[in-house]
Amino acid sequence: MSIRVKEFGKTADGRTVSIYRITNANGAYVDVLDYGCTLHSICVPDKDGNLVDVCLGYDTVAEYEANDGYLGAFIGRHANRIGKGKFTLNGIEYTLAVNNGPNHLHGGKKGYDSVVWATSVASDRLLFSYTSPDGEEGYPGNLSLSVIYSFDDDNALTLCYDAICDSDTVVNFTNHCYFNLNGAGSGTATDLLLQVHADAFTENDADCLPTGNIIPVEGTPFDFRTPKTIGRDIEADDQNLKNGSGYDHNFVLRGEGMRDVCVLSSEKTGIVCTTATTQPGIQIYTANFLTERKGKGGATYHSRDAICLETQHFPDAVHHDNFPSAILKKDEEYHQETRYTFTVTK
Ligand code: GAL
């Protein structure tokens, strides 16, 4: 594995953004920005051995700053929604930035996706660090974070998140990569095959906020226990699908500890992406709100041209005692890991 760095551009307020290329022994590579620890490109071999970029992104910093959608970004302090942007911890009510209808989304108005992270390069990994100050976007406690990316010779991209806080707080980190295994910018991702090792999902209201109900997937369009195309049931007459304009739901993953949780594959390229994680949930988001826009290399992206596999704690866990807790206690060590492994079928 080798890592080289180049300047990518500058933010509107003059911060320099660098792009790091991690290349493995087979010549496959991952490009990462220090802006938001953003996965910019993932170039892996298809069934004929040609490299295909399977990750959506932009050519300039200005586009990352101007557009919504969090393409490829690391998300925190709390991924997905917190109802009404308020929660109570140890008897104190905290008010967060509200940036998605009535709710708080993906860390607020200035989440970790727009931070330019301090970066260090080791022979086998890229290490990003950041201290999120007490009160940032309304969250309690000074939170020290490290985010480590590596890409090995088996085309496995591993994302490790560690954090510690000087007071009790809430945390939920994810990565918001938009995958299209047919190739980024090649059109719809609804023909990709998806399997998710989940027997239930969390129901959403019309603002995509969990109601607290956990629904068995059996007999619903959310049953991905055996592989089916993303598009097969996406237009079904189902209130949950209507609320998300497609799939935009947290699946309750089987098991615990590091385990395989979902498999995505393309019949066109033969590329298969197996996701493993330590996290309890995954937001399966079919890029329903990806409005038409210009992407990398002159491509045009549209709604449903990708899928996000956002491993996470359940959204709004702070308001639902039946969800795994997202509270991080003072001085407790937070650690989560997610691995996307790319292989091919012949
Ligand atoms: C997803 C979220 C969607 C949408 C998207 C960003 O994680 O569940 O509802 O907000 O991020 O556009």
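Okay, quick definition before I start: when I say contact, I mean heavy atoms within 4.5 Å. And keep in mind that this is a predicted model.

Let me begin with Asn-243. This residue sits in helix H2, which covers residues 239-244. So who does Asn-243 touch, once you leave aside its neighbours within four places in sequence? You get Asn-204, Asp-205, Ala-206 and Cys-208. With Asn-204 there's also a polar pairing: a polar atom of the Asn-243 side chain lies 2.9 Å from the backbone oxygen of Asn-204. Is Asn-243 buried or exposed? Buried, because its relative accessible area is 14%, and the cut-off for buried is under 20%.

Okay, on to the nonpolar cores. The largest one has 62 residues, and the members that touch the most others in it are Ile-42 and Tyr-149. Let's look at Tyr-149. Not counting residues up to four places away in sequence, Tyr-149 touches Ile-22, Val-32, Cys-37, Leu-39, Phe-74 and Leu-159, among others. The list also includes Arg-125, Thr-158 and Asn-175. Apart from that largest core there's another one, of 18 residues, with Ile-19, Val-61, Ala-287 and Ala-299 among them.

Last thing, cavities. How many of 30 Å³ or more turn up in a search of the whole structure? Just 1. The largest cavity holds about 30 Å³ of space. Its lining includes Gly-76, Arg-77, Lys-110, Tyr-112, Glu-136, Glu-137 and Tyr-139. Sorted by class, that lining comes out as 4 charged, 4 polar and 2 nonpolar residues.

That's my tour, over to you.

Technical notes
Residues are numbered from 1 along each chain as its sequence is written. This is a predicted model: local features need pLDDT of at least 70, side-chain atom pairs count only at pLDDT 80 or more; totals for chains, interfaces and linings use all residues. Side-chain values use heavy atoms; hydrogens and water are left out. A nonpolar core is a set of buried Ala, Val, Leu, Ile, Met, Phe, Trp, Tyr and Cys residues joined through side-chain atoms within 4.5 Å. Buried means under 20% relative accessible area, exposed over 50%, partly exposed in between (1.4 Å probe, protein chains only). Helices (H or I, at least four residues) and strands (E, at least two) are DSSP runs, numbered from the N terminus. A polar contact is a pair of N or O atoms within 3.5 Å; within protein, one must be able to donate a hydrogen and the other to accept it, and residues adjacent in sequence count only if both atoms are side-chain atoms. On a 1 Å grid over the protein atoms alone, a cavity is a set of points where a 1.4 Å probe fits but cannot get out, and a pocket is an open set with protein on both sides within 12 Å along at least five of seven lines; lining residues have an atom within 4 Å of a point. Grid points are joined across faces, edges and corners, and a volume is the space filled by probe spheres set on the points. Ala, Val, Leu, Ile, Met, Phe, Trp, Tyr, Cys and Pro count as nonpolar, Asp, Glu, Lys and Arg as charged, and the others, Gly among them, as polar.
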